[in-house]
Amino acid sequence: MTIPIQDILNKTIGAKKEEREIKHWHPSKIGSCMRGVYLERLGVKPDEEFDERTLRVFDVGHIFEDWIINILKKDDSLKIETQVRVEDAELDISGYADALIEYNGEKKLYEIKSKHSRAFHYMQKMGEGANRHHEYQLWLYMKILNIENGAILYVSKDDLCLLEYPVLLSDKKLEVETMSYIKALNEAWQKKDPSILPLPKKGAWQEKYCRFHKQCLEIK
């Protein structure tokens, strides 16, 4: 007897993926291809849908986040609020921060990201800190919630190593980069003109992972 385990997994995980109208910019997209982010909010069908393997990877990322949070909640010295609602009408932003943790009277906002071990240890070896687009995301949450201290916690899915990188609300360079990105998106949205948004650099990850790249190139 053969049990179609992979088919069952794919069907179950695929059912979680709901097509919802995007009414605001999501902080998790900040730093990606601007035109791709614009087209996704517009409701344009992507060049290619996520394949089944990618959906499984996304789902496992949530499992690692839940695993870490559930362990931390068992420590009585911590006060933890998860999936913290983040909204700002002026910036046209909406999303959820992973965790707000209070320890010894001080609050710190966390984003939890999982990576495979090769990417994880390469990032550690290079010593360049957290991925910049992850810093954009967390900084934006911190600004809207008015939290001074934050950190991005990376977990290696293969060997469960951990890395934590601090993010400060007072980081002026990070503020300029993040707000410039949001300002550009909002200007294009108000003018209904994605052509004013720059294309990503040739060979950059923003180009490689943009699901609307063919359509980005066709925008006049």
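This text walks through two helix packings, a pocket and a cavity in a predicted model.

Two packed helices are described by the angle between their axes and the distance between the axes. Helix α6, residues 172–191, takes part in both of the packings described here. Its partner in one of them is helix α2, residues 34–42. The axes of α2 and α6 lie 11 Å apart and make an angle of about 50°. At that angle α2 is oblique to α6. The crossing of these two helices is right-handed. On the α2 side the contact is made by M34, V37, Y38, R41 and L42, and on the α6 side by Y181, A184, L185, A188 and W189. Sorted by class, this contact holds nine nonpolar residues, one charged residue and no polar ones.

The other partner of α6 is helix α5, residues 132–145. Here the axes are 10 Å apart, and the angle is about 90°. Angles of 65 to 115 degrees count as roughly perpendicular, and α5 and α6 are therefore placed in that class. From α5, the residues R132, E135, Y136, W139, L140 and K143 take part. They meet K173, L174, E175, E177, T178, M179 and I182 of α6. By class, the contact of α5 with α6 has six nonpolar, six charged and one polar residues.

Empty space in the model comes next. Rolling a probe the size of a water molecule over the atoms shows where such space is left. The structure holds one cavity of 30 Å³ or more. The largest cavity encloses about 60 Å³. Its lining consists of I22, H24, W25, H26, K29, V37, E40 and R41. Of these residues, V37 and R41 also belong to the α2 side of the contact with α6. The cavity lining divides into three nonpolar, two polar and three charged residues.

The second largest pocket holds about 220 Å³ of space. It is lined by 14 residues, and those closest to its centre are L78, I101, Y103, K108 and Y110. Which elements give two or more residues to this lining? They are helix α3 (52–72) and the strands β2 (93–103), β3 (106–115) and β4 (149–156). Strand β3 gives the most, with five residues. By class, the lining of this pocket has nine nonpolar, four charged and one polar residues.

Definitions and conventions: Residues numbered from 1 in each chain as written. Predicted model: local features only at pLDDT ≥ 70, side-chain atom pairs only at ≥ 80, totals over all residues. Heavy atoms only, no water. Axes fitted to C-alpha atoms, helices over the stretch in contact; angles between N-to-C directions. Helix = DSSP H or I, 4+ residues; strand = E, 2+ residues; numbered from the N terminus. Parallel < 35°, antiparallel > 145°, perpendicular 65-115°, else oblique. Left-handed = near helix turned anticlockwise from the far one by under 90°. Contact = heavy atoms within 4.5 Å. Nonpolar A, V, L, I, M, F, W, Y, C, P; charged D, E, K, R; others polar. 1 Å grid on protein atoms, 1.4 Å probe; cavity = no way out; pocket = protein on both sides within 12 Å on 5 of 7 lines; lining within 4 Å. Points joined across faces, edges and corners; volume = space filled by probe spheres on them.
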